[in-house]
Amino acid sequence: MASPMELMCWGGDWGLPSVHTDSLIILAYVKFTRAPLKVYFINNPWKTPTGDIPVLISDNMNFVQPENILNFLRKQKYNADYELTAKEGADTLAFIALIEEKLRPALLHTFWVDIENYCNLTRPWFASRIPFPLNFYLPGQMSRSAMNQIALTRGEPPFYNVKEIESQIYRDAKECLNLLSYRLGASDFFFGKIPTSFDAFAFGFLAPLYKAELPNAHLQKHLQQLQNLCHFCDNILTQYFIQSSAEDVVDANLQKLTQLVNQESNLIEKMDDNLRNSPQHKPSGAAPSKLSPTSSEACASHR
């Protein structure tokens, strides 16, 4: 029998199941497809088999990066895109590539490079949750990794000054947000009435920017002006995390109640069988004795 799939993610805050973009992407996709994963929220990459978060573990195989994890889940028949046409499937790939190129650099800069946000929000959050002594090292390493990733996505050497292209990063991000808002329109999801893999990616990118308490919030303010994108995030949170979690609790409680009822029923049947088989209730061979007269019969015979 195959071992259950396990998913390790960064923990949550700000009303989100996870504060981490890639972790949110996987969590949303799992909710959309109802994939049976055991989810563990950990805040220490050194406790994962690969040193990465998120990571999916199945049958001694480890999968990292959202694209690889989603591809594996599709092969296990958990596919959020099964109703899409070929054109829509190609469009989802194009939109994913768009937000990876235009939006991710701005998110990395907002949370990990911007001095005000990093010193007052990002670093304190991660340092308070990563165990000692790694909390003195990992946040700085993650910040340097974000700077290098921004540089690489811009096709520049990893040691140039990020401030040189800061304005371009945020200009591209705002244009991307405007395009997403136009594509979504008045719909709940980007491609029809049910969420797809792109909805999972969009949620993972937008929700932290929407919900985080950012000291320097100029990109967040732009997102807040796009009300349909904010509603998109709120709708997924309510429908797939809050309501779904409440239903899971109800189902778990109902299952426990059913188990208790079955246990009590079995116990009652066992007690009943023991009572029937006890010597006190076995029929004797003696003839039944004549019943004594009732009080009213005794009074009548006395008269």
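## Helix α5, the β3 strand and the chain around them

The buried residues of helix α5 are N117, Y118, L121, T122, W125 and F126, where buried means under 20% relative accessible area, exposed over 50%, and partly exposed in between, with a 1.4 Å probe and protein chains only. The model is a predicted one, in which local features need pLDDT of at least 70 and side-chain atom pairs count only at pLDDT 80 or more, while totals for chains, interfaces and linings use all residues. Residues are numbered from 1 along each chain as its sequence is written, and side-chain values use heavy atoms, with hydrogens and water left out.

### The chain

The chain holds 11 helices and four strands; these are DSSP runs, numbered from the N terminus (helices H or I with at least four residues, strands E with at least two). Of its 303 residues, 43% count as buried. A contact is a pair of heavy atoms within 4.5 Å. Among contacts between residues at least 6 apart in sequence, 70% join residues at least 24 apart. The chain exposes about 17,600 Å², and carbon and sulfur atoms supply 55% of this area; accessible areas come from the Shrake-Rupley method with a 1.4 Å probe, and for residues only the protein chains shown count as cover.

### Helix α5 and D114

Helix α5 spans residues 115-127, which makes 13 residues, yet its end C-alpha atoms are only 16 Å apart. A straight helix would reach 18 Å at 1.5 Å a residue, the expected span being 1.5 Å times one less than the number of residues. The helix bends by about 25° at L121, a residue that is itself buried. The bend is the angle between axes fitted to the seven residues ending at a residue and the seven starting there. A proline, P124, follows L121 within four residues. The cover over the buried residues of α5 includes α4 (104-113) and α6 (138-153).

D114 lies in the loop between α4 and α5. With a relative accessible area of 9%, D114 counts as buried. At the start of α5, a side-chain oxygen of D114 comes to within 3.2 Å of the backbone nitrogen of E116. The D114 side chain also reaches the backbone nitrogen of N117, at 3.0 Å. Polar contacts of this kind are pairs of N or O atoms within 3.5 Å; within protein, one must be able to donate a hydrogen and the other to accept it, and residues adjacent in sequence count only if both atoms are side-chain atoms. Not counting residues up to four places away in sequence, D114 touches H109 and N216.

### Strand β3 and its partners

Strand β3 (residues 55-58) is covered on both faces. V55 and I57 are buried on one side, and L56 and S58 are buried on the other. Strand β1 (residues 5-9) runs antiparallel to β3 and is joined to it by three bridges; two strands pair if DSSP finds at least two bridges between them. In this pairing E6 stands opposite I57. Strand β4 (residues 61-64) is also antiparallel to β3, with four bridges, and V55 faces V64 there. β3 and β4 make a hairpin with two residues between them.

### Backbone geometry

Two peptide bonds before proline are cis. The bond from I53 to P54 has omega near 5°, and P54 lies in the loop between β2 (37-41) and β3. The bond joining F132 and P133 has omega of about 5°; P133 is in the loop between α5 and α6.

Residues with a positive phi include the following.

| Residue | Phi | Place |
|---|---|---|
| D59 | about 50° | turn of the β3 and β4 hairpin |
| W14 | near 60° | loop between β1 and α1 (21-33) |
| K77 | about 75° | loop between α2 (66-75) and α3 (86-102) |

W14 counts as buried, at 16% relative accessibility, whereas K77 counts as exposed, at 73%.

### I236 in helix α10

I236 is placed in helix α10 (residues 227-276). I236 is buried, with a relative accessible area of 0%. Leaving aside neighbours within four places in sequence, I236 is in contact with F32, F189, D199, F203 and F241. One of these, F203, is 33 residues from I236 in sequence and 7.8 Å from it in space, C-alpha to C-alpha.
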